[in-house]
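Visitor: Please show me the model. I would like to go through its fold and its unusual spots.

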Amino acid sequence: QALEDQYSPSRWSPRLGRDTIIDAHLAVTAAGTERARASAQTSLHVPYGKGDGEKLDIYFPTDHSGTFPVLVYIHGGYWQCLSKDESGFAALPLVSQGVAVVAVGYDTAPKGHMDTMVLQVRRSLAFLVEQYPGIRGIYLCGHSAGAHLAAMVLFTDWTEFCVVPDIKGAVLVSGVYDLEPILHTYVNDALNMSREVAQRNSPMRHVAPAVPAACEVLVVVAQHDSPEFRRQSQEYSQALRAAGWSVSLLDLAGMDHFDVIEKLSENSYILTQV
């Protein structure tokens, strides 16, 4: 029961009740995505594979005639809900600054297996690099389960993909980096992970020594994330630092698990600025 509480982000916000905060989060991100789709130049539902969920939404910068950096956003939802369709809310402040934003779709559970989701996100990056030669540097941004998937991307053997994405940075927001505690909670009902699957897909267990080309990593945690979420962020950032990575831990006061990412739709928000 204690683990269930720790891994239920909706129980920890002082802002809204646990029954209303997830609905409010959906409403905010969906409205922000609608605004972005209405005013940015987009290519929506671009297939990067044959699966139903294997699609991207691309928000182009105002002038994309030359080269441009891209922020690849990987949504959360505990690997079993949400989608790319409400994941474009961060686009407007960025496209106005010449950055493309790509929201990645993947097959959530129970249809998607954890191994599949990790592979899909990796394949989406390989596809982007091959299809859009104008991309100049990729920055990963993942929230919650999406931060886990972004962290898994950092430890990819790209030889099997025949392409090496130029990943310059990763922003991991309120993530889970060790999946083992989740095996004992309701979260695993849909995921149906074995211990082997959880270990194989835990970034904490696959921290490799930083190579010269290793990107910068920003681990972000909210004041009102649960103690377990905060512990995981702190321990993962420490493990990266010990392995020689350039990593910063940003602990955002007054934020909870949901508004810490929602506010990326605002120009003045510290994380937007970073």
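**Loops, sheet and rings**

Guide: Y78 sits in the loop that joins β3 to α3 (91-95). Helices (H or I, at least four residues) and strands (E, at least two) are DSSP runs, numbered from the N terminus. This is a predicted model, in which local features need pLDDT of at least 70, side-chain atom pairs count only at pLDDT 80 or more, and totals for chains, interfaces and linings use all residues. Residues are numbered from 1 along each chain as its sequence is written, and side-chain values use heavy atoms, with hydrogens and water left out.

Visitor: What is the phi of Y78?

Guide: Y78 is not a glycine. Its phi is nevertheless positive, at about 55°.

Visitor: Which residue, found in the loop between β3 and α3, has a phi near 65°?

Guide: The residue is other than glycine, yet its phi is positive. It is found in the loop between β3 and α3. The residue is L82.

Visitor: Is L82 buried, partly exposed or exposed?

Guide: Buried means under 20% relative accessible area, exposed over 50%, partly exposed in between (1.4 Å probe, protein chains only). L82 has a relative accessible area of 27%. So L82 is partly exposed.

Visitor: How are the rings of Y78 and W79 arranged?

Guide: Rings of Phe, Tyr and Trp (its six-membered ring) pair if their centres lie within 6.5 Å; planes under 30 degrees apart count as stacked, over 60 as edge-to-face and the rest as tilted. The search of the whole structure finds 9 aromatic pairs. For Y78 and W79, the centres are 5.7 Å apart and the planes are at 20°. The pair is stacked.

Visitor: What is the relative accessible area of W79, and what is that of Y78?

Guide: Both residues count as buried. W79 has 0%, and Y78 has 9%.

Visitor: Which residues do ring pairs link into a cluster?

Guide: Here ring pairs join residues into a cluster. The members are F60, F68 and Y132.

Visitor: What is the strand order of the open sheet?

Guide: The sheet has 8 strands with mixed pairing. Two strands pair if DSSP finds at least two bridges between them. The edge strands, each pairing on one side only, are β1 (41-47) and β8 (247-252). The order is β1-β2-β4-β3-β5-β6-β7-β8.

Visitor: Which residue in β5 is the bridge partner of Y73?

Guide: Strands β3 (residues 68-74) and β5 (residues 135-143) pair in the parallel sense. They do so over 6 bridges. The partner of Y73 in β5 is C141.

Visitor: Why is C141 not in a disulfide?

Guide: A disulfide is a pair of cysteine sulfur atoms within 2.5 Å. The search of the whole structure finds 0 disulfides. C141 is buried, at 3% relative accessibility. It has no such bond because its closest cysteine sulfur, in C215, is too far, at 13 Å.

Visitor: Which peptide bond is cis, with omega near 5°?

Guide: P110 lies in the loop between β4 (100-104) and α4 (114-131). The cis bond runs from A109 to P110.
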